[in-house]
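I opened this entry to record what I looked up, starting with one helix and working outward to its neighbours.

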Amino acid sequence: MFENPVSKMRLSDLMKATNSFSKDNIIGSGRTGSLYKATLEDNTLLMIKRLHDTQHSEKEFASEMATLGNVKHRNLVPLLGFCVTKHERLLVYKYMPNDTLHDNLHPVGENVSNMEWWVRLKVAIGSAKGFAWLHHNCNPRILHRNISSKCILLDQDFEPKISDFGLARLMNPVDTHLSTFVNGELGDIGYVAPEYTRTLVATPKGDVYCFGVVLLELVTGEKPTHVAKAPDSFKGSLAEWISDLLSQSKLQDSIDESLVGKGYDHEVFQVLKVACSCVLSGHKECPTMFEVYQFLQAIGEKYNFTTDNEILVPTDTGDAGDIELIVAPDMKPKN
């Protein structure tokens with residue numbers, strides 16, 4: 001079935017595989033829809049994205065699926081099939097056994113364990129690679145516009161896989177620009193770049209800001225909208241908390257305590273600096289996604305993470321090695 005680029009599937013089969021879209025099978029939810037775990041009769045596991053109402057006709061939706069089915073990269077969740085009926089729009093993905101990055105960073109319940117640093121760094125580098133490919137090497141290039149720790153899923157080896165790429169055009173048919181997939185809606189709370197709330201114009205730098213917040217999550221272990229370590233009087237976002245700490249020369253205090261003193265403090269702080277360059281720099285000064293990927297790849301060079309599907313040097317940016325991270329001079333790790 002899945003040898004074709006994208007297979008059209010029957011609603012009855014998907015309903016059976018999800019027990020009629022039982023709430024017990026929901027493994028994620030967001031603005032674009034809910035994600036379900038599905039089990040076929042041969043015990044093959046899949047993920048099914050049940051989209052909120054879209055305005056595309058069945059023909060238009062099938063055309064979009066053909067386009068998205070050709071968007072393939074090591075760090076993207078493979079789109080295997082789809083289902084379109086009068087009332088349903090469903091996407092079928094390969095199953096990712098280690099859930100979302102959000103679930104791993106912010107676990108609920110007892111007997112939870114912290115993510116080790118090498119896993120966090122692997123996720124950061126692989127995710128940056130996937131987003132850089134979407135921005136710079138994909139044709140047509142894709143702006144994600146809904147980057148969060150919930151859209152980064154982890155396979156059996158904790159290799160990050162980006163989901164929801166290309167959904168912008170499915171959820172916003174008013175946008176008919178063929179060269180770029182964008183989304184006219186605001187992204188998840190805590191991830192939206194400040195300038196986007198003023199202009200409502202989606203840009204690559206908006207994605208960079210969102211990813212910078214994800215990097216802050218990886219380093220601090222905090223949620224983007226609620227900072228547990230902040231004083232009770234603080235009501236701002238994670239990015240705003242980081243900005244406050246930076247102004248007080250206390251940036252080191254933001255780092256997840258489970259990562260401190262384990263022998264890789266310098267690496268952690270370097271990733272924190274990259275995150276700050278994404279969220280604290282002026283809109284025009286922040287790095288491109290390709291540059292973010294190069295920064296992170298250099299930090300994790302000694303780990304020898306897989307390097308296939310490398311990103312081609314884009315023509316619209318210079319060598320990130322020649323670009324200084326836009327950070328304050330007092331952002332130096334303590335010994």
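Entry 1, helix 8. I am working from a predicted model, and I began with helix 8, residues 238-247, where I found Leu238, Ala239, Trp241, Ile242, Leu245 and Leu246 to be buried. I then asked on which side of helix 8 these residues lie, and since they cover an arc of only 160 degrees around the axis, they are on the same side of the helix. I note beside this that an α-helix has 3.6 residues a turn, so residues three or four places apart point the same way. Looking for what covers the buried residues of helix 8, I found that the cover includes helix 7 (204-220) and helix 9 (265-279). I also checked what follows helix 8, and there I met Ser249, whose phi is positive, near 60 degrees.

Entry 2, helix 7 against helix 8. I looked up the packing of this pair and read an angle of about 70 degrees, with the axes 10 Å apart. That angle makes helix 7 roughly perpendicular to helix 8. On the helix 7 side I listed Tyr209, Val213, Leu216, Glu217 and Thr220, which meet Leu238, Ala239 and Ile242 in helix 8. Sorted by class, the residues of this contact come to six nonpolar, one polar and one charged. I note that Leu238, Ala239 and Ile242, which take part in this contact, are also among the buried residues of helix 8.

Entry 3, helix 9 against helix 10. I turned next to helix 9 and helix 10 (residues 289-299), which pack at an angle of about 175 degrees with their axes 10 Å apart. Because angles over 145 degrees count as roughly antiparallel, helix 9 is roughly antiparallel to helix 10. From helix 9, Glu267, Gln270, Val271, Val274 and Cys278 meet Val292, Phe295, Leu296 and Ile299 of helix 10. By class I have seven nonpolar residues, one polar and one charged in this contact.

Entry 4, Ser163. I located Ser163 in the loop between strand 9 (160-162) and helix 5 (167-171), and asked whether Ser163 is buried or exposed. With a relative accessible area of 7%, Ser163 is buried. Leaving aside neighbours within four places in sequence, I found Ser163 in contact with Val77, His144, Cys151 and Leu153.

Entry 5, the whole chain. I closed with the totals: the protein chain has ten helices and ten strands, and 55% of its 335 residues count as buried. Of the contacts with a separation of 6 or more, 66% are between residues 24 or more positions apart. The accessible surface comes to about 16000 Å², and 49% of it belongs to carbon and sulfur atoms.

Definitions and conventions. Residues are numbered from 1 along each chain as its sequence is written. This is a predicted model: local features need pLDDT of at least 70, side-chain atom pairs count only at pLDDT 80 or more; totals for chains, interfaces and linings use all residues. Side-chain values use heavy atoms; hydrogens and water are left out. Buried means under 20% relative accessible area, exposed over 50%, partly exposed in between (1.4 Å probe, protein chains only). The arc is that of the directions from the helix axis to the C-beta atoms. Contact means heavy atoms within 4.5 Å. Axes are lines fitted to C-alpha atoms, for helices over the stretch in contact, and angles run from 0 to 180 degrees between N-to-C directions. Angles under 35 degrees count as roughly parallel, over 145 as roughly antiparallel, 65 to 115 as roughly perpendicular and the rest as oblique. Ala, Val, Leu, Ile, Met, Phe, Trp, Tyr, Cys and Pro count as nonpolar, Asp, Glu, Lys and Arg as charged, and the others, Gly among them, as polar. Accessible areas come from the Shrake-Rupley method with a 1.4 Å probe; for residues, only the protein chains shown count as cover.
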